[in-house]
Amino acid sequence: IDMLQQPTRISTLEDAVAALRHCDRLCTLTAVQEHCVKNTSFLVVALVQHTFTVLLPAPEPPGSPAAARCVWQAAAVRYETQLDVLLLLQRLTEHFAAAVFAVDHTRPIDA
């Protein structure tokens, strides 16, 4: 499993959806190959956390000068894209919740 295949920059909505899809694929591969990959829960937690806190840009407030460049507000989003993003978010939430509950809670993990 090559975790370095994730993109380094997101500039369009399509890139953001592709990054979410790739994160879901890597989480699924990690979960399926649990017998040969060590610390799968830690890897899934780190991967999802990196995707949402570092890779994906935060939405800009409506009406701000930066809203025109915002990935999430740049264009009208079709229904199929909305549905795709919602399903990906659901799957990633399930991966993240399962991984977090499988990890022993220590002070460094909670920080």
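The following questions and answers concern the pockets and the nonpolar core of a predicted model.

In this predicted model, local features need pLDDT of at least 70 and side-chain atom pairs count only at pLDDT 80 or more, while totals for chains, interfaces and linings use all residues. Residues are numbered from 1 along each chain as its sequence is written, and side-chain values use heavy atoms, with hydrogens and water left out.

Visitor: How much space lies in the largest pocket?
Guide: A pocket is an open set of points on a 1 Å grid over the protein atoms alone, where a 1.4 Å probe fits, with protein on both sides within 12 Å along at least five of seven lines, and its lining residues have an atom within 4 Å of a point. A volume is the space filled by probe spheres set on the points, which are joined across faces, edges and corners. For the largest pocket this comes to about 230 Å³.

Visitor: Which element supplies the largest share of the lining of the largest pocket?
Guide: The lining has 17 residues, with Thr 12, Leu 13, Glu 14, Ala 75 and Thr 81 nearest the centre of the pocket. Helices, taken as DSSP runs of H or I with at least four residues and numbered from the N terminus, include H1 (13-32) and H3 (79-102), each of which supplies at least two lining residues. The largest share, 3 residues, comes from H1.

Visitor: Is Gln 6 buried or exposed?
Guide: Gln 6 lies in the segment before H1 and is among the residues that line the second largest pocket. Its side chain is joined to that of Thr 51 by a polar contact of 3.0 Å, a polar contact being a pair of N or O atoms within 3.5 Å, of which, within protein, one must be able to donate a hydrogen and the other to accept it, and residues adjacent in sequence count only if both atoms are side-chain atoms. Buried means under 20% relative accessible area with a 1.4 Å probe and protein chains only, exposed over 50%, and partly exposed in between. Because its relative accessible area is 7%, Gln 6 is buried.

Visitor: Which element gives the most to the largest nonpolar core?
Guide: A nonpolar core is a set of buried Ala, Val, Leu, Ile, Met, Phe, Trp, Tyr and Cys residues joined through side-chain atoms within 4.5 Å. Of the 19 residues in the largest one, Ile 10, Leu 20, Cys 23, Cys 27, Val 48 and Leu 92 touch the most other members. The elements that give two or more residues to this core are H1, helix H2 (40-55) and H3. With 8 residues, the one that gives the most is H1.
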